[in-house]
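Work through the exercises below with the sequence and the structure at hand. Each task is followed by a solution in steps.

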Amino acid sequence: MKVDHPVRNRFQYLIEMKKTERKWHFPFLAALCIGIPLLLGWFSGKSNYGSLSSLGALTILYFTTAPISQRMIHLAVCAFGIIFSFTISLFFSFNIYTAALSVGIVSFLSHFITSYFKIPPPGNFFFIMLAAMASTYQFDLEMIPLRVGLVTMGAILSCSLAFLYSVFVEKSEVVNVPRRVFKKKRYTKFVESTIIGLIMMLTLIVGHLLKFQNTYWISISTVAIIQGRNFEHVRQRNMHRIFGTFIGLGLAWLILLFDPEKIVMIGIIVVLQFVVELMIVRNYGFAVIFITPLTLLLIEVGSTVHHEVENLMQARLLDTIIGSLMGLAAGFFLHHQQIINQLEKNIRYSFFQFKKLKK
């Protein structure tokens, strides 16, 4: 009987539910921010516009419980970061290699800045996610202002609803936002940011060489995995991502089997977003089960072309497995202290040699 305990304990994290102080009304706010652009897009007959605007609305997920002035400044800065990341990648999407380079630069900057200022979770995730998505859009210079404008409108909506929520609901909570920390070596941040930038470049190139339709799914899976605090946490998130996606695809298949109308899809998306925000702080794997159909339905709502369900789910699973494995490899380098120390030494040596040459 006792022999089974180590095995059970080793995989207990897959079903473990963590305690959280998150209240139900914040997931409701997040679902509202995502749902409103989708509804407006559906009413106006421009579902693809609503889908784009909902990407900017993801700004709400950077909501903190700081005093209201700090909270709104924090949200406004994150909104700018999301718009900036999206815009830069749009401009360089005319070629896969320039697109990959732009995503790499955005990934480097987003990780360096979020780690320097100790931005709480989701940290660099959505900046990199929107950059990866924008890099796969068909390049159209005339469409860039419209696309950026739609994302900006979604971000403004989130900031506005967050302000109203802060004034009337969450006004009593006062927790200081983590401030800038100077103790951590700047070279460590630089090395970590460089590794993340390179691996994110590689995700798009790999997707292109394998001729995948939505290469950003690989990028999203990779950046989701490397959010782990240490390599063990990265490994756990990798298992959560793969198993959660596999089960989530079954749920997505069940939903799409009934071929629901777009307005019904929007309602399901709102419910799924609410559930994801409830679950993500409790168990990442359970959250991924609902994230998978959520992303697939967002694609269907924003698309003017009907996708084959089987092909869509097969591609999603394959992209997730490849992205998760790449994230696991990146996590190994990020949390392998000997590699980080050696790279830091090389950077310091190069920096001092450069200073000598200038003198």
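Helices are DSSP runs of H or I with at least four residues, and strands are runs of E with at least two, both numbered from the N terminus. The model is predicted.

**Exercise 1.** State how many helices and strands the protein has, and give the order of its elements.

Solution. Step 1: the count comes to 14 helices and 0 strands. Step 2: read from the N terminus, the order is α-α-α-α-α-α-α-α-α-α-α-α-α-α.

**Exercise 2.** Decide whether Ile340 is buried or exposed, and find what it touches outside its neighbours within four places in sequence.

Solution. Step 1: locate Ile340 in helix α14, which covers residues 337-358. Step 2: buried means under 20% relative accessible area. Step 3: Ile340 has 2% relative accessibility, so it counts as buried. Step 4: beyond its neighbours within four places in sequence, Ile340 contacts Thr188, Val191, Ile195, Phe333 and Leu334. Step 5: Tyr187 is 153 residues from Ile340 along the chain, while their C-alpha atoms are 9.2 Å apart.

**Exercise 3.** Classify Ser102 as buried or exposed, and name the residue whose backbone oxygen its side chain reaches.

Solution. Step 1: place Ser102 in helix α5, residues 96-116. Step 2: its relative accessible area is 3%, and therefore Ser102 is buried. Step 3: the side chain of Ser102 comes to 2.7 Å from the backbone oxygen of Ala99. Step 4: setting aside neighbours within four places in sequence, Ser102 is in contact with Ile88, Ser89 and Phe92.

**Exercise 4.** Give the share of buried residues in the protein.

Solution. Of the 359 residues, 48% are buried.

Terms used
Residues numbered from 1 in each chain as written. Predicted model: local features only at pLDDT ≥ 70, side-chain atom pairs only at ≥ 80, totals over all residues. Heavy atoms only, no water. Buried < 20%, exposed > 50% of the residue type's maximum accessible area, 1.4 Å probe, protein only. Contact = heavy atoms within 4.5 Å. Polar contact = N/O pair within 3.5 Å; in protein donor to acceptor, adjacent residues only side chain to side chain.
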